[in-house]
Amino acid sequence: MKSKKEAGRIICFGLVGVANTVVDYAVFWLLGTLLGIPETVAQIFSYSAGTANSFLCNRFFTFRDHTTQKPARELARFIVVNLASLAVSTLLVFCLIDRLPLVWAPARAGYWWILAKLFITGVTLVINYLGSRLFVWKEKKD
């Protein structure tokens, strides 16, 4: 039973993640491409928009049976996990999108940023799930 429940939780987390990613990419594209804001700054704003969506959806859907703490404490822990994830993702954006094209010719071609963002999204997915599951919304003790 526990493994079925965990599998359902992972699927729900993944679906919420898809929604967060859509928000993140849309804001990143809007700020970076349409408005010309530097990619590293756009990353901070786009990631923050996805994070707000993530907290609400994961608290009320994915981990609703784990909300044993006060919402303010959950939010504080959630922010810690997501600040760590934001730091990693921003560093990766800086390295892969801002700097790598300067030294590696294929990275200068067209839509390199899409591939880089996909990789960065995968890294942050792992950080966020483990942080959410083990730190923000811990298993209730029976």
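Here are some questions and answers on a predicted model.

Q: How many helices and strands does the secondary structure of the protein come to?
A: Going from the N terminus, the elements read α-α-α-α. There isn't a strand in that run, and the tally is 4 helices and 0 strands.

Q: What share of contacts between residues at least 6 apart in sequence join residues at least 24 apart?
A: Contact here means heavy atoms within 4.5 Å. Take the contacts between residues at least 6 apart in sequence, and look for those that join residues at least 24 apart: they come to 72%.

Q: What percentage of the 142 residues in the protein is buried?
A: A residue goes in the buried bin if its relative accessible area is under 20%. With that cut-off, the buried part of the 142 residues is 38%.

Q: How far does helix α4 reach from its first C-alpha to its last?
A: Helix α4 covers residues 112-136, so 25 residues, and at 1.5 Å a residue the expected span is one step less than that count. That expectation is 36 Å, and the model comes close to it, at 34 Å.

Q: Why is Cys 12 in no disulfide?
A: A disulfide is a covalent bond between the sulfur atoms of two cysteines. To count, the two sulfurs must be within 2.5 Å. The structure holds 0 disulfides, and for Cys 12 the closest cysteine sulfur is the one in Cys 57, which is too far for a bond at 8.3 Å.

Q: Is Cys 12 buried, partly exposed or exposed?
A: Buried needs a relative accessible area under 20%, and exposed needs over 50%. Cys 12 has 22%, so the label is partly exposed.

Q: Which kind of aromatic pair do Phe 63 and Tyr 129 form?
A: The structure holds 8 aromatic pairs. In this one, the ring centres are 6.3 Å apart and the planes make 35 degrees. Stacked would need under 30 degrees and edge-to-face over 60, so the pair is tilted.

Q: How many residues apart in sequence are the parts tied together by the pair of Phe 63 and Tyr 129?
A: Both partners count as buried, Phe 63 at 0% relative accessibility and Tyr 129 at 14%. Phe 63 sits in the loop between α2 and α3, while Tyr 129 belongs to helix α4, so the pair ties together parts whose separation in sequence is 66 residues.

Q: Which residue lies over the face of Tyr 25?
A: A charge sits over a ring when NZ of Lys or CZ of Arg is within 6 Å of the ring centre and within 35 degrees of the ring normal. Over Tyr 25, at 5.3 Å from the ring centre, that is Lys 117.

Q: Which side chain is joined to that of Asn 58 by a polar contact of 2.7 Å?
A: Asn 58 lies in helix α2 and counts as buried, at 0% relative accessibility. Not counting residues up to four places away in sequence, Asn 58 touches Phe 13, Val 16, Phe 63, Arg 64 and Trp 137. The 2.7 Å polar contact, though, goes to the side chain of Thr 62.

Q: How far apart in space are Asn 82 and Asn 128, C-alpha to C-alpha?
A: Asn 82 is in helix α3 and counts as buried at 5% relative accessibility, and Asn 128 is one of the buried residues of α4. Asn 82 touches Asn 128, along with Tyr 47 and Thr 51. The two asparagines are 46 residues apart in sequence, yet C-alpha to C-alpha the gap is 6.8 Å.

Note on methods: Residues are numbered from 1 along each chain as its sequence is written. This is a predicted model: local features need pLDDT of at least 70, side-chain atom pairs count only at pLDDT 80 or more; totals for chains, interfaces and linings use all residues. Side-chain values use heavy atoms; hydrogens and water are left out. Helices (H or I, at least four residues) and strands (E, at least two) are DSSP runs, numbered from the N terminus. Buried means under 20% relative accessible area, exposed over 50%, partly exposed in between (1.4 Å probe, protein chains only). Rings of Phe, Tyr and Trp (its six-membered ring) pair if their centres lie within 6.5 Å; planes under 30 degrees apart count as stacked, over 60 as edge-to-face and the rest as tilted. A polar contact is a pair of N or O atoms within 3.5 Å; within protein, one must be able to donate a hydrogen and the other to accept it, and residues adjacent in sequence count only if both atoms are side-chain atoms.
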